[in-house]
Amino acid sequence: MSNWTATATATEQAEIPVVPSARINSARVLVVGDVMLDRYWFGDVNRISPEAPVPVVRVNKKEDRLGGAANVARNAAALGAQAGLLCVVGHDEPGERIVELLGKSKVAAHLGRDPDLPTTIKLRVLSRQQQLLRVDFEDAPNHEVLLTCLQRFTELLPQHDVILMSDYAKGGLTHVMQMIAEAKRAGKPVLVDPKGDDWDRYRGATLTTPNRAELREVVGQWKSEEDLHERVRKLREELELSALLLTRSEEGMTLFTETQVVHTSAEAREVYDVSGAGDTVIATVATMLGAGVPLVDSIVYANRAAGIVVGKLGTATVDYNELFA
Ligand SMILES: Nc1ncnc2c1ncn2[C@@H]1O[C@H](COP(=O)(O)OP(=O)(O)OP(=O)(O)O)[C@@H](O)[C@H]1O
Ligand SMILES: [Mg+2]
């Protein structure tokens, strides 16, 4: 047995100390992972197609939003951090759109280009607030471009304080093991938003931030809170993870470290859209760590930011003034 002890503390709408904006602005966060474009086409349906029994949508509005790792980087930049993004896109229109939106979001883009890769895009066709169809384009980037990204990672590492891996299982993190090892050798904290059941790839990470379903996939269904603590302790020790932050939607979040278990209740007043809340959580923790805030305190800010973001429509961001209002 380790010296692990359980202490559960609930933080309710607590007054949280302001972190000076100058400190936040000095935080340099490098996001690595799978980038995607969330595209929305809105229109009216007035007839059924003569070609097949399907509705015909006359498109009258289009909207594009950054998704995946790009949304995480955008969240860090919105808080005021210096955010860099290392990932692969194709040589296509959605790839160009991502570059344009990253520029508007003040994210420094370090993009590998794979000419044969369709940039990951999720296209939704909607009419009267109802989704009629979703069309996905995606593929794994090629080996050469992934190796170039690994080299670029080595170059970018010294210029950043915190490394954040945003895994959406699209192949962008093929070399995540080497990246974590390099970052650790350089003494930089590595945060991972995980995907899938192979967590061996994240061995040695400073913090992983699964949601309930993602954790269940690796440790199985827990029967009680004590059972959960025990399963997480085993997982942490086995994979040498310093800490694990379980995000629990309306139940808030629980941080597990070697010495403590800290629970923070959800803060949302009104919930409109929970998509992207996990992105906001990890981006906020990374920004706070980069600003020199201890991990245990960082989650209080992350919980506050998540509570704000679920009150907004679409994958949204929280800025410095909203967080400390
Ligand atoms: N319904 C809700 N009510 C209040 N707070 C919520 C709700 N859903 C999410 N949150 C806040 O957002 C945090 C992250 O949410 P969640 O655990 O759903 O992450 P996630 O599944 O990774 O999200 P996503 O993948 O959609 O970005 C929670 O820990 C909580 O603080
Ligand atoms: Mg998530």
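Which element supplies the largest share of the lining of the largest pocket? The model is predicted, and in this model the answer is helix 8, with four residues. Helix 8 covers residues 277–290. That pocket makes a good starting point.

The largest pocket has a volume of about 830 Å³. Its lining counts 43 residues. Val274, Ser275, Gly276, Ala277 and Gly278 lie nearest the centre of the pocket. Several elements supply at least two lining residues each. Among them are strand 2 (35–48), strand 3 (55–68) and strand 6 (121–127). Helix 6 (212–219) does so as well, together with helix 8 and helix 9. By class, the lining holds 16 nonpolar, 14 polar and 13 charged residues.

What takes up this space? Ligand 1 does: the space it takes is the largest pocket. The shell around ligand 1 has 20 residues. Those that come nearest are Asn211, Thr247, Ser249, Gly252 and Gly278. By class, this shell has nine nonpolar, eight polar and three charged residues.

Helices matter for the shell too. Helix 8 and helix 9 (295–309) each supply at least two of the shell residues. Helix 8 gives the most, with four residues. So helix 8 has the top share in both counts: it gives the most to the shell around ligand 1, and the largest share of the pocket lining comes from it.

Now look at the atoms. Asn211 places a polar side-chain atom 2.8 Å from an oxygen atom of ligand 1. Gly252 works through its backbone: a polar atom there is 3.0 Å from an oxygen atom of the ligand. For Gly276, a polar backbone atom is 3.1 Å from an oxygen atom of ligand 1. Taken alone, ligand 1 exposes 630 Å². The protein buries 84% of that area. Gly276 also appears among the residues nearest the centre of the largest pocket.

Elsewhere there is an enclosed space. How many cavities of 30 Å³ or more does the structure hold? The count is one. The largest cavity has a volume of about 90 Å³. Its lining includes Gly33, Asp34 and Val35. Val88, Leu117, Thr119 and Thr120 line the cavity as well. Asp139, Pro141, Lys170, Gly171 and Gly172 complete the list. By class, the lining of this cavity has four nonpolar, five polar and three charged residues.

Note on methods: Residues numbered from 1 in each chain as written. Chains lettered and ligands numbered in written order. Predicted model: local features only at pLDDT ≥ 70, side-chain atom pairs only at ≥ 80, totals over all residues. Heavy atoms only, no water. Near = heavy atom within 4 Å. Polar contact = N/O pair within 3.5 Å; in protein donor to acceptor, adjacent residues only side chain to side chain. Areas by Shrake-Rupley, 256 points an atom, 1.4 Å probe, with all protein chains shown as cover. 1 Å grid on protein atoms, 1.4 Å probe; cavity = no way out; pocket = protein on both sides within 12 Å on 5 of 7 lines; lining within 4 Å. Sits in = over half its atoms within 2 Å of the grid points. Nonpolar A, V, L, I, M, F, W, Y, C, P; charged D, E, K, R; others polar. Points joined across faces, edges and corners; volume = space filled by probe spheres on them.
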